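Morning, everyone. I'll take you through a few places in this structure. Please have a look at it first.

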Amino acid sequence: MSVITPETVTACYHCGNDCEEERYTIDYKQFCCHGCKEVYTILSKSGLNNYYCYNDRPGANRAKKDLQLDYLLEPSIIKDLVEYSDDDVTIVTFYIPHIHCSSCIWLLEQLNRLNPAIYYNRVDFLRKQVNIRFSNKDIDLKGVVELLDTIGYEPLISLQDVIKKQAFSRKDDLVRKIAVAGFCFGNVMLLSFPEYLGFSEHDTSFKYFFGWLNLVFTLPVTFYSGWGYMQAAYTTLKNKVLTIDFPLALGIAVLFIRSWIEIATNTGAGFVDTLCGLIFFLLIGKFVQRKTYYHLSFERDYRSFFPVAVQVIEENSERHVPLADLQVGQRIRVRHQEIIPADAILLKGDAKVDFSFVTGESVPVNKTLGEVIYAGGRQMGGAIELEVVKPVSQSYLTRLWNNEAFSRSQDDRIETFSQKVSKYFTVVLLIVAVGSFAYWAPTDMHRAIASLTAVLIIACPCALALSTPFTMSAALGIFDRNLFYLKNAAVVEQIAAIDTLVFDKTGTISIAGGSNVELVGELSVEEKDAVSAVCANSSHPLSQLICQHLGSASRDTHVTVYNEISGRGIAAKANGISIKLGSAKFVLAADSNAVADNGSLVHVIINSKYRGYFTIRHQYREGMFEMRKLREQYQLYLLSGDHNHERGNLSSVFGDENAMHFEQSPQDKLNFIEGLQQKGQKVMMLGDGLNDAGALKQADAGVAVTDNVNNFSPGSDAILDGRSLNKLPAFLKFSKDALHVIYGSFCISFLYNLIGLSFAVTGRLSPVIAAILMPVSTVTIISFTSIATHLAAKKRKLL
């Protein structure tokens with residue numbers, strides 16, 4: 001191995017990152033860090049070089065991390081994490097965020113070649129999970145995690161992993177039902193084909209035999225595959241609500257009964273093919289609707305944010321304790337980048353805590369010894385020691401999340417177009433059916449019954465039931481391509497109805513931790529040291545950023561005079577140097593807002609002489625300032641937990657100062673959304689942290705903005721990758737386009753129904769006409785929705 005100074009930027013053979021600072025070379029291949037090189041070495045020695053054949057540079061960056069995995073030796077934690085364990089075998093499933101390509105699947109399924117103690121492992125690519133079965137006698141749980149980490153696939157183990165009940169998704173046998181319906185439908189079509197062409201007089205025995213075979217196929221299709229529609233119709237009727245399930249169930253029942261009567265009495269061929277085809281296509285539509293994004297979790301809470309265990313200091317040694325067992329009075333150690341798990345007093349160390357995810361405050365906050373630090377903050381810096389003052393169940397973060405307002409159910413907030421139409425459709429259908437029966441009954445009872453059943457059969461809203469799922473499926477697929485992930489199809493309609501947009505700031509429209517500080521002017525080393533010492537005494541975010549930029553002051557620097565005027569600036573003296581820094585109005589007595597083109601200014605006077613200013617610019621996401629165009633159609637608001645030092649900069653987007661609200665608590669945000677809704681406004685909330693969780697839940701459409709969709713984000717209706725925030729105007733327009741496509745597909749399906757009804761009301765509907773109309777209308781709807789949705793996406797430049 002040799003380390004050489006890079007002359008040109010080269011991509012790492014393992015992870016693809018640029019080898020900027022130094023590169024490691026082995027086998028004429030170059031790596032960005034020692035970790036990536038080690039992974040390659042391990043795979044090469046194990047004969048697993050095929051890993052690199054499936055994709056170019058498939059691995060994740062392997063920069064060295066200080067993993068603390070001893071907690072995986074604690075029996076109580078192991079018991080909660082594993083799915084099964086006996087004297088010989090343990091089965092466990094891990095969530096691995098780094099799974100992203102076919103190479104990952106291939107390598108993870110070769111674990112047994114790296115360690116024979118692994119018996120079996122299978123990867124669920126969509127869920128980014130790997131299920132592992134291993135020998136207890138030859139390797140333990142910690143060893144399995146270390147093995148995964150060694151090859152670059154460190155599992156993400158959070159508190160939610162030990163709360164299994166939330167992890168289980170609803171399971172049913174939809175695929176099996178589709179398979180049964182499809183098998184029966186195919187066979188029925190085959191057996192019905194002679195009926196379509198007409199039997200000769202010599203073949204009547206076959207006609208009778210084929211008819212009974214068809215009836216046998218209707219039993220599993222109706223009472224297994226289609227039974228769910230019967231149950232749904234019964235439930236909705238019981239709740240005195242008319243949905244599209246009722247005419248569907250009615251159509252299925254009539255098709256089944258009439259087919260059995262006609263074939264059993266040898267008076268007709270029945271509508272068995274129509275019945276089987278109807279249920280098969282309906283189930284396909286349901287599958288398409290349900291298939292979307294099950295791999296993303298839209299229902300997450302603070303447990304996904306918290307670790308499984310915490311290090312407790314006892315008698316000068318550390319031991320890992322499950323978070324649920326953490327007691328008041330225990331002394332804990334929290335290291336760099338770790339979450340503070342419970343409200344605690346700082347006993348030792350320099351605490352610089354990032355609360356951006358909990359409160360929205362963008363700047364890490366310094367804490368002094370003896371100060372209480374609330375749960376949920378992330379320590380940035382060296383290890384600190386704290387004493388727990390409240391159990392996890394009563395900590396600030398847990399109480400916040402368990403607040404009734406934050407956990408209320410907001411399902412079915414907007415009645416979908418399909419639900420609205422279904423009410424009227426069902427009523428009209430029953431009127432036409434009863435009317436046709438009443439018209440024919442006085443003269444021809446047989447024809448009256450035939451017309452009644454025919455209307456219920458032909459008007460069965462198969463195409464109506466399919467138009468929404470197929471349109472929404474196409475729309476969701478387009479949103480997916482553009483990194484906007486919706487919880488379900490109904491969210492598209494929720495977004496289309498929005499007239500008000502409310503943005504969080506830090507992490508949503510600005511990049512968390514992304515601030516640039518620049519000194520315009522010159523300060524000597526002693527002066528910088530003095531300014532840093534003065535700023536360290538202030539909790540104002542701009543002071544903290546300047547302090548970070550200048551670095552920590554030396555221990556010999558002492559602040560002897562300190563006077564801070566809130567919102568204006570600081571006058572102080574450090575090591576005999578007089579310092580005045582703050583707004584232009586405070587420092588220069590100038591009538592200025594002290595705002596740069598894209599940020600804030602902090603002016604500096606040293607010993608009564610003006611020495612320049614610091615410019616502090618927050619990094620906003622691409623296209624953020626183009627959002628001002630949305631004000632033509634939507635009301636825009638900003639709700640931030642941060643200070644108001646960006647007010648002037650953001651006024652170009654949000655306009656009226658009344659549209660911007662700073663230093664908002666989570667409850668304030670939720671109350672603000674409620675206030676807008678009480679005025680009749682339909683609100684979309686865009687946020688990223690726990691402090692936005694209640695507002696996201698309360699809004700008519702809650703959108704969690706994140707830089708990594710697989711990392712923790714609050715429960716929401718949609719997850720938007722931060723890179724696509726600039727496409728928000730296009731997403732809003734496209735959601736309206738999708739709704740228009742549904743309107744169009746409903747019109748087409750109504751047209752087919754009118755054609756069918758013209759045969760049905762006369763009582764002359766033949767099985768052939770029904771068998772032709774049903775699949776033709778279905779194919780038309782699917783084709784129309786797919787083509788129209790894609791054309792709309794191209795118009796909005798989303799394809």
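I'll cover a sheet, then a loop residue, then a surface patch. One thing up front: this is a predicted model.

Start with the sheet. Four strands make it up, and it is open. The order is β4-β5-β7-β6, with antiparallel pairing. Which strands are at the edges? They are β4, residues 84-85, and β6, residues 118-124. Each of those pairs on one side only.

Now look at β5 and β7. β5 covers residues 89-95 and β7 covers residues 129-135. Seven bridges join the two, and they run antiparallel. Take T90 as an example: its bridge partner in β7 is F134. A helix packs on this sheet too. That is α6, residues 141-150, and it touches β5, β6 and β7. The direction of α6 makes about 40 degrees with that of β5.

Next, the loop residue. G722 sits in the loop between β30, residues 718-721, and α26. Is G722 buried or exposed? G722 counts as buried, because its relative accessibility is 7%, and the cut-off for buried is under 20%. What does G722 touch, beyond its neighbours within four places in sequence? Its contacts are R621, V705, T706 and D707. I511 is 211 residues away from G722 along the chain, yet their C-alpha atoms are separated by 8.7 Å.

Last, the surface. L751 lies in helix α26, which covers residues 728-760. L751 is exposed, at 51% relative accessible area. Together with L754, I755 and F759, L751 forms a nonpolar patch on the surface. The accessible area of these residues together is about 380 Å².

That's my tour. Thanks.

Definitions and conventions:
Residues are numbered from 1 along each chain as its sequence is written. This is a predicted model: local features need pLDDT of at least 70, side-chain atom pairs count only at pLDDT 80 or more; totals for chains, interfaces and linings use all residues. Side-chain values use heavy atoms; hydrogens and water are left out. Patches are made of residues with over 30% relative accessible area and no salt bridge: like charges are joined within 9 Å, nonpolar side chains (Val, Leu, Ile, Met, Phe, Trp, Tyr) within 5 Å. Accessible areas come from the Shrake-Rupley method with a 1.4 Å probe; for residues, only the protein chains shown count as cover. A salt bridge is a side-chain nitrogen of Lys or Arg within 4 Å of a carboxyl oxygen of Asp or Glu. Buried means under 20% relative accessible area, exposed over 50%, partly exposed in between (1.4 Å probe, protein chains only). Contact means heavy atoms within 4.5 Å. Two strands pair if DSSP finds at least two bridges between them. Axes are lines fitted to C-alpha atoms, for helices over the stretch in contact, and angles run from 0 to 180 degrees between N-to-C directions.
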